[in-house]
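Here is a friendly walk through one protein model, from its salt bridges to its cores and surface. Have the viewer ready and follow along.

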Amino acid sequence: MDTGILILRLLVGLLVAGHGVQKISSHLGGRGLEGGTEEFRADGFRGGFLTALAAGGGQIGSGLLLATGLLTPLAATGAIGVMTVALTVKWHNGLWVQNDGYEYPLVLIGTAAALAATGPGAWSLDAALGLTPYPPWWTALVLAAGVGSGLLTRLVLHRQPPAAPQTTARGER
């Protein structure tokens with residue numbers, strides 16, 4: 001079981017961290033912080049530069065914590081938070097990734113929640129530091145805090161689309 005959890009932690013943690021690296025640099029195929037800023041503005045978010053920097057930093061931090069199995073509940077909360085924001089951006093496209101849907105963020109949210117529920121396994125920094133096992137109620141707290149922070153971020157930072165001009169029954173504005 002510990003081998004499976006290690007593989008899962010490394011895969012998901014490094015992918016989440018890599019996604020953050022792409023947001024703020026030209027490494028791993030990223031377009032740099034300017035590209036990350038453009039992406040957030042195109043998705044309707046305020047404060048493009050700071051938003052991209054915070055999201056990228058959050059993804060790098062939570063991803064590396066997940067990969068190493070350090071402070072796993074905090075790491076899972078961060079990953080769930082940023083992926084909840086991504087899910088809300090892609091929601092209107094439906095589930096499937098081939099339509100730019102929210103399938104991938106949902107998988108990462110579920111995986112981070114599963115790691116919070118199972119713990120990081122014996123081959124983790126949490127275990128080496130004697131921080132495990134985490135109590136089972138942490139999973140509910142992690143999910144609530146992660147999803148809640150993602151939804152709050154969306155609410156606070158996302159611009160509402162401009163209202164469509166009102167027309168009369170004759171089509172006049």
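## A buried lysine and its partner

K23 is buried, its relative accessible area being 6%; here buried means under 20% relative accessible area, exposed means over 50%, and partly exposed is in between (1.4 Å probe, protein chains only). The model is a predicted one, in which local features need pLDDT of at least 70 and side-chain atom pairs count only at pLDDT 80 or more, while totals for chains, interfaces and linings use all residues. Residues are numbered from 1 along each chain as its sequence is written, and side-chain values use heavy atoms, with hydrogens and water left out.

The side chain of K23 meets that of E39 in a salt bridge, at 3.9 Å from N to O. The term salt bridge stands for a side-chain nitrogen of Lys or Arg within 4 Å of a carboxyl oxygen of Asp or Glu. This pair links distant parts of the chain, since K23 sits in helix α1 and E39 in helix α2 (residues 32–42), 16 residues apart. Helices (H or I, at least four residues) and strands (E, at least two) are DSSP runs, numbered from the N terminus. Unlike K23, which is buried, E39 is partly exposed, with 35% relative accessibility.

## The other salt bridges

Side chains of opposite charge can pair when their charged atoms come close. How many salt bridges does the structure hold? There are three. One of them joins the side chains of R31 and E38, at 3.7 Å from N to O. R31 is exposed, with a relative accessible area of 55%, and E38 is partly exposed at 47%.

Another salt bridge is formed by K90 and D100, whose closest N and O atoms are 2.6 Å apart. K90 lies in helix α4 and D100 in the loop between α4 and α5, so this pair ties together parts that are ten residues apart in sequence. K90 has 23% relative accessibility and counts as partly exposed; D100, at 42%, also counts as partly exposed.

## Inside the protein

In soluble globular proteins, nonpolar side chains tend to be buried together. A nonpolar core is a set of buried Ala, Val, Leu, Ile, Met, Phe, Trp, Tyr and Cys residues joined through side-chain atoms within 4.5 Å. Which residues touch the most other members of the largest nonpolar core? Among its 19 residues, they are L66 and I80. Helices α1 (2–24), α4 (72–90) and α5 (103–118) each supply at least two residues of this core, and α4 gives the most, with seven residues.

I80 is in contact (heavy atoms within 4.5 Å) with I109, A112, A113, V142, L143, G146 and V147, leaving aside its neighbours within four places in sequence. Apart from the largest core lies another core, of seven residues, including L33, F40, A52 and V89.

F40 also appears among the contacts of T51. T51 lies in helix α3 (residues 48–68) and counts as buried, at 10% relative accessibility. Not counting residues up to four places away in sequence, T51 touches F40, F45, R46 and L157.

## On the surface

What makes the nonpolar surface patch of about 450 Å²? L71, L74, L125, L129 and L131 do. Patches are made of residues with over 30% relative accessible area and no salt bridge, with like charges joined within 9 Å and nonpolar side chains (Val, Leu, Ile, Met, Phe, Trp, Tyr) within 5 Å. Within this patch, L129 is exposed, with a relative accessible area of 58%. L129 lies in the loop between α6 (125–128) and α7 (138–157).

S26 is found in another loop, between α1 and α2, and counts as exposed at 57% relative accessibility. From C-alpha to C-alpha, S26 and G36 are 10.0 Å apart in space, and they are ten residues apart in sequence.

## The whole picture

The protein has seven helices and zero strands. Its C-alpha trace spans about 70 × 35 × 30 Å along the principal axes. Of its 173 residues, 38% count as buried. Among contacts between residues at least 6 apart in sequence, 62% join residues at least 24 apart.

The protein exposes about 9600 Å², and carbon and sulfur atoms supply 68% of it. Accessible areas come from the Shrake-Rupley method with a 1.4 Å probe; for residues, only the protein chains shown count as cover.
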